[in-house]
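Visitor: Could you pick one part of this model and take me through it closely? I would like to see how its pieces fit together.

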Amino acid sequence: MQTRYANLLLPGLMLWCMSAAAAPALAPIAAGGTREIPRWAEAQLAARASARAAYHAFIDRFLEPDGSACVAEYAVSHWGIDDFHEAFMDWADFLVVDGDPEIAQRFVAVWHRYYRQAVHKGVYTNGFYRGDMDYEHAGEGFPHLWGALKVAPGDGGLEAANASFADLLAHEEIFNRETGFLRHAIPKGNRRPPRPYARDADCAGNTQYMAAPFHAWLATADEKYRQWLLRYARAWAGATGANDGAIPYYVDSRTGRPTATWYTAPPLSEKSTGALKQFSYADGWGIAIAHRGYLAWFPAAMLMTGGDTRELDPLVNFLEILMKHGKDGRPAGDYLPGTGWVHYSRMPKGRPYSERSFYTLLELAHRLGFGARTRTLLERACEANPSALPVARFQLLGQGSPEEAVRAFEAGAGRNDAKRKGILAVPDRKPTGAEYEAMVQAWRKHEPMKRDGLPFTGDQLRAHSPDPRFCRWLDGGTRTTYGGPSVAPIRYFHEDGKPGLPRDVAALVTRSDGDRLELLLCNTADASRRILLTGGFYGQDRFETLAADGQTTRLGAARALVELSPRSTVTLTFAVARFAYRPTARPEAGPARPWRP
């Protein structure tokens with residue numbers, strides 16, 4: 001197939017666009033420019049610098065070059081490994097927009113180091129926890145792996161670990177092929193049944209595990225992973241339909257039907273150490289924990305079907321139910337037996353978590369489908385609680401101004417400055433002897449422990465982890481803390497394919513309407529800078545046209561390389577054909593493949 005290029009001269013930039021058949025070859029580019037450094041760009045670069053400094057302080061203080069951490073080996077060698085990985089769950093959110101190579105290298109090295117240790121000590125078998133580990137805790141360890149795959153696609157060790165888990169999920173002793181559900185609420189790496197209370201049923205939180213076959217499919221293009229995921233997703237969609245539109249928390253895996261108490265797991269015995277019932281809809285946490293699964297389920301299903309919006313129906317129906325049973329434009333958050341869905345304010349605990357989870361899912365649903373129903377829900381939610389969805393209100397509804405981004409960047413810089421100072425203030429001391437044994441016993445009994453030295457447990461390490469929440473303003477994605485596929489409409493690379501933006505270039509998504517994307521790019525350097533843009537995080541979208549400074553040019557391209565003039569700011573408005581290509585873990589490399597499921 002012949003390669004096609006479009007060479008476009010526009011005020012402020014030159015574009016070199018690559019068609020679906022083209023690899024990102026480069027050519028000499030000239031550029032003009034309008035010189036302007038807006039306040040949002042200065043604030044963003046300061047926020048990124050602050051976060052970068054906090055990450056480097058964390059690395060220098062707590063990590064070794066081989067990925068090992070200062071945390072006590074006991075706390076990581078046993079079942080505390082999930083808490084340890086929590087410190088790293090959202091590092092990928094920063095790295096995909098900033099791309100600092102040292103931070104990325106250490107982030108990946110930590111996973112390798114502790115995964116090898118867990119395998120050696122028998123914590124993991126066949127790529128997953130050998131013992132009874134419910135989805136909430138397992139879902140703290142594996143997002144580190146899935147984040148690392150976003151940062152380091154092609155890493156053979158990461159891909160092998162993920163494929164082992166994805167293959168385990170499809171094993172006949174784990175997966176009921178007749179009903180399409182996992183046989184037990186707690187799958188185990190040794191493929192044995194869990195404790196009796198978790199048998200013969202599947203749990204909605206397990207949908208988080210869809211991230212494993214999704215990433216395996218990206219890495220291998222093996223259709224078995226796509227087929228398994230869609231079978232599992234549609235089994236849950238069927239159970240949701242049978243439950244009058246509410247995603248059931250608990251399903252009988254033998255029949256594929258929601259249990260009579262679909263909103264909760266069975267009561268646990270007093271001797272049980274399992275956590276299932278703690279995280280159901282009916283216990284005060286509402287949807288807060290189970291929603292982690294939906295962050296993987298729906299993006300993966302959409303990306304694997306070329307954007308079939310029918311895959312979103314279970315989520316949209318569920319969101320409408322929660323809003324219907326809410327109050328004053330704010331959602332229901334919990335389900336009480338005999339009463340039904342109740343307003344989040346009646347929840348005995350976890351209130352803010354459940355309401356925030358609703359808003360996260362609502363934004364996710366609209367970014368995936370851009371449907372009229374989700375827009376109506378989003379408008380109601382933003383009217384009732386304007387501070388709940390600042391990024392969505394600005395980018396999806398066109399409300400607000402870049403000043404809101406400035407405040408977010410300044411707040412992010414403040415949080416990470418405080419993180420860095422806190423890290424540097426930690427005494428360089430580890431417990432020894434009797435003190436070490438006393439802390440081990442306190443950790444085993446879940447008792448509080450005072451610490452005036454280096455972190456001893458994963459929870460203590462997590463408290464020092466930098467905060468990347470401001471990064472959502474840059475690429476228009478939702479947070480991917482729990483490992484779900486990204487829904488960002490744009491992704492940034494250096495000219496040579498290195499991920500992220502140069503340190504002196506700022507970006508801000510100002511509008512995302514599904515088939516239209518508006519983006520500001522600002523080069524603060526005294527030299528020109530080239531940025532490679534891809535349509536969608538996985539290169540699944542096609543740039544159809546570009547409008548800039550009153551000119552509209554046809555692109556029909558998978559990627560666009562822009563060269564920014566020194567100290568200039570440009571506005572790019574793309575017309576986008578969504579889900580035009582098969583997703584890829586390496587969208588910068590090309591060529592894009594038209595979608596043919």
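Guide: Happily, and let's start with a pair of strands: strand 7 and strand 8 (residues 250-252) run antiparallel to each other, joined over three bridges. One of the pairs to find on screen is Ala201, whose bridge partner in strand 8 is Asp252. Do keep in mind as we go that this is a predicted model.

These strands belong to an open, antiparallel sheet of three strands, in the order 7-8-9. Strand 7 (201-203) and strand 9 (257-258) each have a single partner strand, so one side of each has no neighbour in the sheet. Helix 9 (residues 223-242) lies across strand 7, strand 8 and strand 9, at about 95 degrees to strand 7.

Now let's turn to another sheet. Here five strands form an open sheet with antiparallel pairing, ordered 13-14-19-16-17. Strand 13 and strand 17 (551-557) are its edges, each pairing on one side only. From one strand to the next, the twist averages 25 degrees. Helix 1 packs on this sheet, where it touches strand 13 and strand 14 (516-523), and its direction makes about 115 degrees with that of strand 13.

Strand 19 is a good place to linger. Strand 14 pairs with strand 19 in the antiparallel sense over eight bridges, and within that pairing Leu517 has Phe574 as its bridge partner in strand 19. Strand 16 (residues 542-548) also pairs antiparallel with strand 19 (residues 568-577), over five bridges. There, Phe543 has Val576 as its bridge partner, while Thr545 stands opposite Ala575. Strand 19 is largely enclosed by the rest of the structure, because eight of its 10 residues are buried.

At the edge of the sheet, look for Thr510 in strand 13 (residues 505-512). Its relative accessibility is 10%, and because the cut-off for buried is under 20%, Thr510 counts as buried. The side chains of Thr510 and Glu518 are joined by a polar contact of 2.6 Å. Leaving aside residues up to four places away in sequence, Thr510 touches Phe394, Gln395, Glu518, Leu519 and Leu520.

The nonpolar packing adds to the picture. In soluble globular proteins, nonpolar side chains tend to be buried together. Here the largest nonpolar core has 180 residues, and Phe88, Tyr281, Tyr294, Trp341, Tyr492, Leu521 and Leu533 have the most contacts inside it. Helix 1 (residues 39-62) gives this core its largest share, 11 residues. Apart from this core lies another, of five residues, among them Ala558, Ala577, Ala580 and Ala592.

Leu533 rewards a closer look. Not counting residues up to four places away in sequence, its contacts include Leu519, Leu521, Phe543, Leu572 and Phe574. Leu533 also touches Ile490, Arg491, Tyr492, Arg559, Ala560 and Val562.

Finally, a word on the cysteines: the structure holds zero disulfides. Cys522 is buried, with a relative accessible area of 0%, and Cys382 counts as buried at 5%.

Conventions:
Residues are numbered from 1 along each chain as its sequence is written. This is a predicted model: local features need pLDDT of at least 70, side-chain atom pairs count only at pLDDT 80 or more; totals for chains, interfaces and linings use all residues. Side-chain values use heavy atoms; hydrogens and water are left out. Helices (H or I, at least four residues) and strands (E, at least two) are DSSP runs, numbered from the N terminus. Buried means under 20% relative accessible area, exposed over 50%, partly exposed in between (1.4 Å probe, protein chains only). A polar contact is a pair of N or O atoms within 3.5 Å; within protein, one must be able to donate a hydrogen and the other to accept it, and residues adjacent in sequence count only if both atoms are side-chain atoms. Contact means heavy atoms within 4.5 Å. A nonpolar core is a set of buried Ala, Val, Leu, Ile, Met, Phe, Trp, Tyr and Cys residues joined through side-chain atoms within 4.5 Å. Two strands pair if DSSP finds at least two bridges between them. Axes are lines fitted to C-alpha atoms, for helices over the stretch in contact, and angles run from 0 to 180 degrees between N-to-C directions. A disulfide is a pair of cysteine sulfur atoms within 2.5 Å.
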